[in-house]
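Open the model in your viewer and keep the selection box at hand. This tour goes from stop to stop, with something to select at each one.

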Amino acid sequence: MATPAVTRVLTGITTSGTPHLGNYVGAVRPAVAASRNPGTESFYFLADLHSLIKAQDPAKTQRSTLEIAATWLACGLDPAKVWFYRQSDVPETTELTWLLTCVAGKGILNRAHAYKAAVDKNRADGEDDDAGITAGLFMYPVLMAADILIFNANQVPVGRDQIQHIEMARDFGQRFNHVYGRDYFVLPEALVDDNVATLPGLDGRKMSKSYGNTIPLFASRNEMKKLIAGIVTDSRAPGEAKDTEGSALFQLYQAFASAEETAAMRQAYADGIGWGDAKQKLFERIDAEIAPLRDKYETLIAKPADIEAVLRDGGARLREKYAIPFLAELRDAVGLRDLSKQSAGSEAKAANKAALPQFKQYRDSDDRFYFKLLDGEGKLLVQSAGFDLPKDAGRAIGVLKQARTGDELQTPEIQEVLVPVEDVLAALAAMREAA
Ligand code: TRP
């Protein structure tokens, strides 16, 4: 399943809270635009299992999942063109999580930023290191790796804070490939877009639920107007020139306006536009973009059964096409198999190895040390002379391994060559090749 022909781009959306303008400008809008790129197969999913780590109010989890699904659909994500699904509808992800858990280094998880921050906070508070920390928080990166690896995604667009998680996904995937001897997983890359704006909130700090300074994306027009009226400004009066630098209002405007509109607003600042007028212009500009989306959102959210059907359909098709067959392959890879069948899986490799010629060292009844060279079927090719010390026998093997001509086989260390010299040289060459 490795190396898909088109680039697979995968993004997980944590289903917590109500989407705000910062989420829209920083995540939804660019992702929907990217989903229309040709040559990519896009995967967008609601990371509802991840949300359980923090959100443990079932009604809120359900509500947030509905709102976020409706948001992405309203903003133009087309489930006929991209994979749009809910993490918990693809149970192969959780099964893969366990397979990855068994190769993931605990030490790597110990270093995860989110887990370390929680431990550091406990220490600062004089608590036990792991007080109040669930195993879910600790295992978060493994579940995330499974999200990505189950579909062999090539690229994962994320914010800087998530880069470490992608590196861990690579690490776990690579370990699995190594342990089970084949490139089952594509190693994903983080795609970080530094051009995406982080939006200021009402108080000028980054718009974030944790600061309580957000403007909900689909607030009603009245509510939106009221919130915008509350954006912090300085106390300059109408007619006084205003600074665009450091103006949250200006940055918000810029995130929605064209280059010409932005230039015009910059001029208006210089000309001393009153804050009330500037806020009205900002409201109108945002509303022009959001109002049609809000209408769609309201239609969608009024029919939760339709959204449910869209998500289930996406998940079901995706399982059928990729997750179920791939997980069957992975189960086989690790040895979770039908007992009645001899697998042609990784043992084929072992059988291959057995088919190679090999050296055998042993001690004989005369108490001296010997070696033999045997072919894949166990036929004797070369018999050594006796050595006083095993390391001398080892050294002679080292010399013999390098032999490329018949002359090099004519040494006192070798007592007997039992087959044509060319056969011995071919056997040695095959061993070098396989090493
Ligand atoms: N951890 C991501 C975030 O907080 C959400 C997420 C879960 C995710 N699984 C993912 C993102 C897989 C990308 C790929 O934003």
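**Stop 1: a contact with the ligand.** Select Asp147 and the ligand. A polar side-chain atom of Asp147 sits 2.8 Å from a nitrogen atom of the ligand. Keep in mind that this is a predicted model. Now ask how much of the ligand the protein buries. Taken alone, the ligand exposes 360 Å², and the protein buries 86% of that.

**Stop 2: two further contacts.** Add Tyr140. One of its polar side-chain atoms lies 2.6 Å from a nitrogen atom of the ligand. Then add Gln162. Here a polar side-chain atom is 2.9 Å from a nitrogen atom of the ligand.

**Stop 3: the whole shell.** Select the residues around the ligand: Leu10, Gly12, Thr14, Phe45, Ala47, His50, Tyr140, Met144, Asp147, Ile148, Val156 and Gln162. Colour them by class. You should find seven nonpolar, four polar and one charged.

Which elements each supply at least two residues of this shell? They are strand E1 (7-14), strand E2 (40-47) and helix H7 (135-149). Show H7 as a cartoon: the largest share of the shell, four residues, comes from this helix.

**Stop 4: an annotated stretch.** Select residues 15-23. UniProt lists them as "short sequence motif: 'HIGH' region", in an unreviewed entry. In the model, this stretch is 33% helix and 0% strand. Put a distance marker between the C-alpha atoms at its ends; they are 12 Å apart.

**Stop 5: an open sheet.** Move to the sheet that holds strands E6 to E9. Four strands form it, in the order E6-E7-E8-E9, with antiparallel pairing. Why does one side of E6 and of E9 lack a neighbour in the sheet? Strand E6 (358-363) and strand E9 (414-417) are at the edges, and each has a single partner strand, so one side of each stays free of a neighbour in the sheet. Turn the view to follow the twist, which averages 20 degrees from one strand to the next.

**Stop 6: the E6-E7 hairpin.** Select E6 together with strand E7 (residues 369-374). The two pair in the antiparallel sense over six bridges. Show side chains to see who faces whom. Arg363 stands opposite Phe369 in E7. Tyr362 stands opposite Tyr370 in E7. E6 and E7 form a hairpin, with five residues between them. End on Asp367 in the turn, which has a positive phi of about 70 degrees.

Key: Residues are numbered from 1 along each chain as its sequence is written. This is a predicted model: local features need pLDDT of at least 70, side-chain atom pairs count only at pLDDT 80 or more; totals for chains, interfaces and linings use all residues. Side-chain values use heavy atoms; hydrogens and water are left out. A residue is near a molecule or strand if one of its heavy atoms lies within 4 Å of it. A polar contact is a pair of N or O atoms within 3.5 Å; within protein, one must be able to donate a hydrogen and the other to accept it, and residues adjacent in sequence count only if both atoms are side-chain atoms. Accessible areas come from the Shrake-Rupley method with a 1.4 Å probe; for residues, only the protein chains shown count as cover. Ala, Val, Leu, Ile, Met, Phe, Trp, Tyr, Cys and Pro count as nonpolar, Asp, Glu, Lys and Arg as charged, and the others, Gly among them, as polar. UniProt positions are given in the numbering used here, feature names are shortened, and annotations may be inferred rather than shown by experiment. Two strands pair if DSSP finds at least two bridges between them. Axes are lines fitted to C-alpha atoms, for helices over the stretch in contact, and angles run from 0 to 180 degrees between N-to-C directions.
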